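Okay, thanks for coming, everyone. Let me put the structure up, and then I'll talk you through the helix packing and the core.

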Amino acid sequence: MEASQASVRVPASSSAVGGLSFNAWRRLVLVAALLVALALPFAVKNFLIFQVTLAIIYAVAILGLNLLTGFNGQFSLGHSAFYAIGAYTAAVMMDQGDIAYYWTLPVAGLICLVTGFLFGLPALRLEGVYLALATFALAIATPQLLKFSPIEHWTGGVQGIVIIKPDAPFGLPINSDQWLYFFTLIVSGLLYWCAVNLVKSRTGRAMTAIRDNPVAAGSMGVNVSLYKSLTFGVSALYTGIAGALGAIVTGFVAPDSFTFALSIQLFVGLVVGGVGSIPGTLFGGLFALFAPNIAESVSKGLAGAVYGVILVLVIYVMPSGAAGLVRLIVSKLARRER
Amino acid sequence: MNWELLLHQVLAGLATGGIYACIALAVVMIYQAIDHLNFAQGEMAMFSTFIAWQLMDWGTPYWVAFVVTIAVSFIGGVAIERIVFKPIHDAPVLSHIVVFIALFSIINSLAGWIWDYTIKSFPTPFGSRSLLGSGLISAHDGGMITVSLGLLALLYLFFRHTRVGLAMRAAAANPESARLAGIRVGWMIALGWGMAAAIGAVAGMLIAPVVFLEPNMMLGILLYGFAAAVVGGLTSPGGAVVGGFSVGVIENVAGTFIPYFGRELKLTIALLLIVAVLLVKPSGLFGRAVVSRV
């Protein structure tokens with residue numbers, strides 16, 4: 001299951017072609033990546049484990065965004081809202097209801113599915129910039145809605161909610177960071193596996209058909225509005241589960257962690273990873289988490305500016321994201337091989 | 001219902017609406033020129049305002065600083081288009097938006113680094129007395145409304161009655177035909193950026209006395225500017241101004257008369273407005289509906 005999510009490095013090393021077929025290379029790299037993923041938490045410090053866990057969580061959220069944008073051609077700058085809903089669902093359930101953390105994931109997913117579907121309904125009439133605007137507004141309004149005083153009893157208002165990090169079950173001899181890493185890896189592996197299958201399925205083809213030409217898709221019998229709002233819902237589900245995972249892993253939620261900046265991070269991760277590429281989202285997750293840190297280590301005062309410059313450079317070098325760059329390299333090497 | 005309070009709120013709304021109208025105007029200008037929404041618009045305006053503040057801090061009189069700032073912003077806008085956006089002209093739309101975000105981040109961070117994050121007060125050229133002694137609306141508010149209406153009139157004249165204005169409209173409407181007719185489309189886009197930056201600068205300098213000057217002053221205002229542009233229709237500069245004033249009035253009236261909206265859910269009003277208008281009339285009140293051939 002983790003196989004599909006590790007496939008980010010596939011095309012990169014398949015470029016070495018050397019006698020093996022593309023699929024054989026893919027399998028080889030998948031196994032190698034899986035081994036690395038399993039060995040990682042025993043090789044590095046706890047803080048790095050935590051960061052990689054977060055990067056995987058971001059990757060899942062970006063995957064959700066990618067299902068919407070890359071495979072259905074809809075656009076969202078408001079996914080921080082769904083991430084927030086997922087995170088708050090998990091936090092409130094654990095804080096108020098004393099419910100085990102793993103039960104919060106399906107509930108968060110379900111709530112986000114419904115919310116996303118409902119937000120997708122008005123979004124049906126919107127295209128391109130207009131959808132961007134509506135979702136932009138949603139992202140801006142989210143922190144205010146979370147601070148809304150009549151629901152403060154649940155959400156903890158400005159203070160947010162602190163939850164307790166779960167320990168490893170069955171007396172496993174690993175610490176909580178390591179356990180949460182594996183937990184995240186398993187959940188996200190499952191989610192990636194579902195996404196790959198969804199995209200390949202009949203439903204997935206309908207989604208892509210709508211992206212490429214809604215009129216043609218409609219005339220071939222695809223229910224355009226149903227599929228569009230459903231995709232919005234599924235996309236929100238992914239991002240919501242990522243949010244719930246994020247809440248469990250960080251052990252803390254507060255309105256100001258879910259500002260427009262989070263939407264931007266996810267969106268940037270999507271574009272940098274490659275729109276419409278599932279392995280690309282993993283690169284996107286890593287970029288979304290580590291690029292701001294790198295910028296900060298270059299210059300504290302000018303971190304934002306450095307980050308911006310990194311972004312511009314990345315777009316110059318790979319206008320269609322990491323996936324696009326890899327595709328380009330592979331096709332060049334393949335041509336030379338012939 | 002308290003009619004005097006309502007009247008007061010409507011007038012105050014018109015005043016803040018002037019701000020939104022200016023920003024919406026700048027948004028619509030760039031949208032006309034390049035078919036994108038510029039998410040860095042607010043930051044560009046903020047940076048221009050800081051330039052004006054710096055000039056005045058060095059002792060330049062207000063109106064000199066005003067004109068110099070507009071000129072600098074115009075050149076800055078053209079430069080951004082030429083340097084940053086021209087090389088990625090053919091990149092996918094989403095990549096463009098990432099570059100807007102990058103620009104946002106760069107400008108915001110630079111401003112914070114140069115002028116730090118403390119709040120600065122900004123002078124008004126109109127004085128702070130109340131207008132006509134009525135106590136309902138301040139002179140600065142009146143000035144703001146006048147300037148945004150004046151700006152709109154100038155833009156109207158520019159686009160309807162000058163050759164350059166005509167060329168810009170042609171370049172936006174049909175780039176290929178325009179190029180065949182001898183219009184340098186690339187420069188028209190750059191000119192659009194320059195004008196939007198200049199309008200943004202005016203808006204920033206007018207808003208700064210009200211909201212105070214600091215690097216993050218623009219985010220909420222930009223949202224309202226977008227809301228105004230959507231209400232009026234992204235294709236109509238006149239609509240943007242009307243939209244700005246109506247958003248200002250709605251914000252103030254709703255904030256006063258509906259519980260919670262005033263303090264806690266101010267930005268949510270913009271969200272509701274955008275969604276509501278887009279649902280009822282996606283092209284805005286004054287925009288034209290785009291019909292595309294399939």
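Let's start in chain B, with H5(B) and H8(B): these two run roughly antiparallel to each other, because their axes cross at roughly 170°. The axes come within 10 Å, and H5(B) covers residues 139-161. Before I go on, keep in mind that this is a predicted model.

So who touches whom here? On the H5(B) side we have His140(B), Met144(B), Val147(B), Leu151(B), Leu155(B) and Phe158(B). Facing them from H8(B) are Met195(B), Ile199(B), Val202(B), Leu206(B), Pro209(B) and Val210(B). By class, that contact of H5(B) with H8(B) comes out as 11 nonpolar, 1 polar and no charged residues.

Now, H8(B), residues 185-211, has another partner, helix H6 of chain B, residues 163-173. How do H6(B) and H8(B) pack? The angle is about 110°, with the axes 9 Å apart, which means H6(B) is roughly perpendicular to H8(B). H6(B) brings Val164(B), Ala167(B), Met168(B) and Ala171(B) to this contact, while H8(B) brings Val185(B), Met188(B), Leu191(B), Gly192(B) and Met195(B). Here the split is 8 nonpolar, 1 polar and no charged.

You'll have heard Met195(B) in the H5(B) contact and again in the H6(B) one, so let me stay on that residue. Buried or exposed, then, for Met195(B)? Buried, because its relative accessibility is 13%, and the cut-off is under 20%. Leaving out residues up to four places away in sequence, Met195(B) touches Met29(B), Phe74(B), Leu155(B), Phe158(B) and Met168(B). And if you want a distance to check in your viewer, Met195(B) to Ala15(B) is 23 Å, C-alpha to C-alpha, at 180 residues apart in sequence.

Stepping back to chain B overall: 11 helices and 0 strands. Of its 294 residues, 55% count as buried. Taking contacts in chain B with a separation of 6 or more, 74% are between residues 24 or more positions apart.

Over to chain A. H9(A), residues 176-200, and H12(A) pack at about 175°, with axes 11 Å apart, so they're roughly antiparallel to each other. From H9(A), the contact residues include Leu180(A), Phe183(A), Val187(A) and Leu191(A); from H12(A), they include Val234(A), Tyr238(A), Ile241(A) and Leu245(A). This contact has 13 nonpolar residues, 1 polar and no charged.

Next, the core. The largest nonpolar core has 199 residues, and those touching the most other members are Phe258(A), Phe267(A), Val268(A), Leu311(A), Phe85(B) and Phe122(B). Helix H4 of chain A, residues 46-72, gives this core its largest share, 17 residues. There's also a second, separate core of 5 residues, with Ile210(A), Ala217(A), Val222(A) and Val224(A) among them. As for Phe122(B), its contacts beyond four places in sequence include Trp53(B), Met56(B), Tyr62(B), Met205(B) and Leu213(B).

Last thing, confidence. Chain A has a mean pLDDT of 81, with 91% of its residues at 70 or more. Among the elements of chain A, H12(A) has the highest mean, 89, and H1(A), residues 2-5, the lowest, 38. Residues 1-15 of chain A are below 50, though that stretch has 42 contacts in the model beyond near neighbours in sequence. Where pLDDT is low, the predicted coordinates shouldn't be read in detail. That's it from me, happy to take questions.

Technical notes. Residues are numbered from 1 along each chain as its sequence is written. Chains are lettered from A and ligands numbered from 1 in the order in which they are written. This is a predicted model: local features need pLDDT of at least 70, side-chain atom pairs count only at pLDDT 80 or more; totals for chains, interfaces and linings use all residues. Side-chain values use heavy atoms; hydrogens and water are left out. A nonpolar core is a set of buried Ala, Val, Leu, Ile, Met, Phe, Trp, Tyr and Cys residues joined through side-chain atoms within 4.5 Å. Buried means under 20% relative accessible area, exposed over 50%, partly exposed in between (1.4 Å probe, protein chains only). Helices (H or I, at least four residues) and strands (E, at least two) are DSSP runs, numbered from the N terminus. Contact means heavy atoms within 4.5 Å. pLDDT is the predictor's confidence in each residue, from 0 to 100. Axes are lines fitted to C-alpha atoms, for helices over the stretch in contact, and angles run from 0 to 180 degrees between N-to-C directions. Angles under 35 degrees count as roughly parallel, over 145 as roughly antiparallel, 65 to 115 as roughly perpendicular and the rest as oblique. Ala, Val, Leu, Ile, Met, Phe, Trp, Tyr, Cys and Pro count as nonpolar, Asp, Glu, Lys and Arg as charged, and the others, Gly among them, as polar.
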